[in-house]
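Visitor: Could you walk me through this fold, one feature at a time? I'd like to know how each call is made before I trust it.

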Amino acid sequence: MPSVIIHQSSIIGVSEDSQKETLDGNLAVAGVPYFVPRSPNPIGSLLPSSGYPQNSKDVKLFQPLTIRGRTLKNRVVVSPMCQFSAKDGMFSDWHLVHLGAFAVRGAALVFTEETAVSPKGRISPEDTGIYSDDQIPGLRRVADFIHSQESLFGVQIGHAGRKASTMAPWCSRGTMNALGKKAYSVALPSDGGWPGEVYGPSELPFGPEMNQPKEMSTDHVAQIVESFVAAAQRCLEAGVDVLEIHGAHGYLLHEFTSPLSNLRKDEFGGSFENRVRLPLQVVRGVRKVWENRPLFYRMSVSEYKEGPEKCAQSGEWLQWGPGQSAMLARLLTDEGVDLIDCSSGGNWKEQVIPVGPGYQLPFARHVKSAVPDVLVGAVGLITTATQAEEALQNRDCDLVLFGREVLRNSEFALDAASELGVVVQPAVQYEAAYTRQMRRR
């Protein structure tokens, strides 16, 4: 188990007794290839309680967390969110501005969208990738800017499996599924897609309107492991701080773990031990090259299929669920995963998700209870600082990942501080807009 430090009232480089106004001149952030003014305290971090008495209260959302030597200045994390805005997998100015905005406004850790480990592992032709050395400079450019704001930069790597070669959601060609929702649309060769070269654990499509996958050979499975390892190595070269392996939402690693999508009869199918073999091989390979840096794993804790996870009579696993998720979390922790990012769904076409405020928090709580020595991230309709703080205070999770809420409000971290009655450091360039929030009380 790697070292995890819970800081009570300070972050590296910030003295509890210091005052905010400590810079002598307009100093530059170190280690960035261009000039960026350095804030007296990291953006989004609590200002010293000696100058701001209201900051003496125990607010978990703004308590730093150190994992393997990398410090999150607070517990606000920007979740991976697909943008469908890349050409040939390359990160562009869109990604720089989109992701950089969250760092400017105080998020501790900013994740990219799922970034494919191979060209045919992309969800859509417009997904980002890290399967070529040519993609390193664009990724490094984003990393440099996020580091200039004293935030950490994370990349989620994955393979779409049988759900590859689909169109961006706003290009659904108007089709609807049985639940009255927009259906997936196949990305045809004319769209830049590869519908005849989609692979999964078995020849079982996600739905009737989706691509018909081919079953991966064992040699292909071995190549997938190598692709994840090579992607991790490229992320290391690009200066990425945190890596997350995507094992959720019905993409390849999730497909292998679930009896709903994995019908194989070889060493990668059947028993729980066989179905989790590929994710464990991926984690084992990535951990070797990822050095002593934080490694996260996102999993779907429930597939929302009717009926039990396991047959009471035969003992056969019928679908993926909380029981196997806890078992896998234990194995992943033993292989060097530092945090389980608890999501749900995406692998059962007829899923009915009971969406509501914090609807996935019980999954985070379950994994945290079952494997207390692993860090846990919570995600899913957590839209207020009060919600997030309650989850942290209850020890349901160790950090909170925000998705659509930060798309609506990129200043969420700064607004959260105001909601919780504490004062954090804004970017010095924007400080004049926060004088009211920064009053001492």
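**Reading the barrel**

Guide: Start with one pair: Val78 has Val110 in S5 as its bridge partner. Helices (H or I, at least four residues) and strands (E, at least two) are DSSP runs, numbered from the N terminus. Before going on, note that this is a predicted model: local features need pLDDT of at least 70, side-chain atom pairs count only at pLDDT 80 or more, and totals for chains, interfaces and linings use all residues. Residues are numbered from 1 along each chain as its sequence is written, and side-chain values use heavy atoms, with hydrogens and water left out.

Visitor: In what sense do S4 and S5 pair, and over how many bridges?

Guide: Strands of a sheet pair through backbone hydrogen bonds, either parallel or antiparallel. Here two strands count as paired if DSSP finds at least two bridges between them. S4 and S5 pair in the parallel sense, over two bridges. Strand S5 (residues 109-116) also runs parallel to strand S6 (residues 152-158), with six bridges joining them. One of the matched pairs there is Glu114 with Gln156 in S6.

Visitor: Through which helix does the chain cross from S5 to S6?

Guide: The path goes through helix H2 (residues 136-148), and this β-α-β crossover is right-handed. To call the hand, point the strands away from you: right-handed means that the path from the first strand over the helix to the second runs clockwise. S10, helix H7 (residues 322-334) and S11 make another right-handed β-α-β unit.

Visitor: In what order do the strands close into a barrel?

Guide: Eight strands close up in the order S4-S5-S6-S9-S10-S11-S12-S13, with parallel pairing. Neighbouring strands of this sheet are turned by 25 degrees against each other on average, direction ignored. For angles, axes are lines fitted to C-alpha atoms, for helices over the stretch in contact, and values run from 0 to 180 degrees between N-to-C directions.

Visitor: And which strands does H2 touch where it packs on the sheet?

Guide: H2 touches S5 and S6, and its direction makes about 145 degrees with that of S6. Helix H8 (residues 361-370) packs on the sheet too, touching strand S11 (339-343) and strand S12 (375-379), at about 170 degrees to the direction of S12. Contact here means heavy atoms within 4.5 Å.

**What is inside**

Visitor: Why is S10 said to be largely enclosed?

Guide: Burial goes by relative accessible area: under 20% is buried, over 50% exposed, and partly exposed lies in between (1.4 Å probe, protein chains only). S10 is largely enclosed by the rest of the structure because six of its six residues are buried. Leu295, Tyr297 and Met299 cover one side, with Phe296, Arg298 and Ser300 on the other. As for its neighbours, strand S9 (residues 242-247) pairs with S10 (residues 295-300) in the parallel sense over five bridges, and His246 is matched with Arg298. Five bridges also join S10 to S11, where Ser300 stands opposite Ser343.

Visitor: How many residues does the largest nonpolar core have?

Guide: In soluble globular proteins, nonpolar side chains tend to be buried together. A nonpolar core is a set of buried Ala, Val, Leu, Ile, Met, Phe, Trp, Tyr and Cys residues joined through side-chain atoms within 4.5 Å. The largest one has 91 residues, and Ile157, Ile245, Tyr297 and Ile340 have the most contacts inside it. Helix H3 (residues 218-237) gives the most to this core, with eight residues. A second, separate core of 15 residues includes Ile67, Ala108, Phe296 and Leu399.

**Two loop residues**

Visitor: Is Gln83 buried or exposed?

Guide: Gln83 is buried, because its relative accessible area is 11%. Gln83 sits in the loop between strand S4 (76-78) and helix H1 (93-104). Its side chain makes a polar contact of 3.0 Å with that of Trp94. That term means a pair of N or O atoms within 3.5 Å; within protein, one must be able to donate a hydrogen and the other to accept it, and residues adjacent in sequence count only if both atoms are side-chain atoms. Leaving out residues up to four places away in sequence, Gln83 touches Trp94, His98, Glu113 and Trp170.

Visitor: Where does Asn394 lie?

Guide: Asn394 is in the loop between H9 and S13. With 47% relative accessibility, Asn394 counts as partly exposed.
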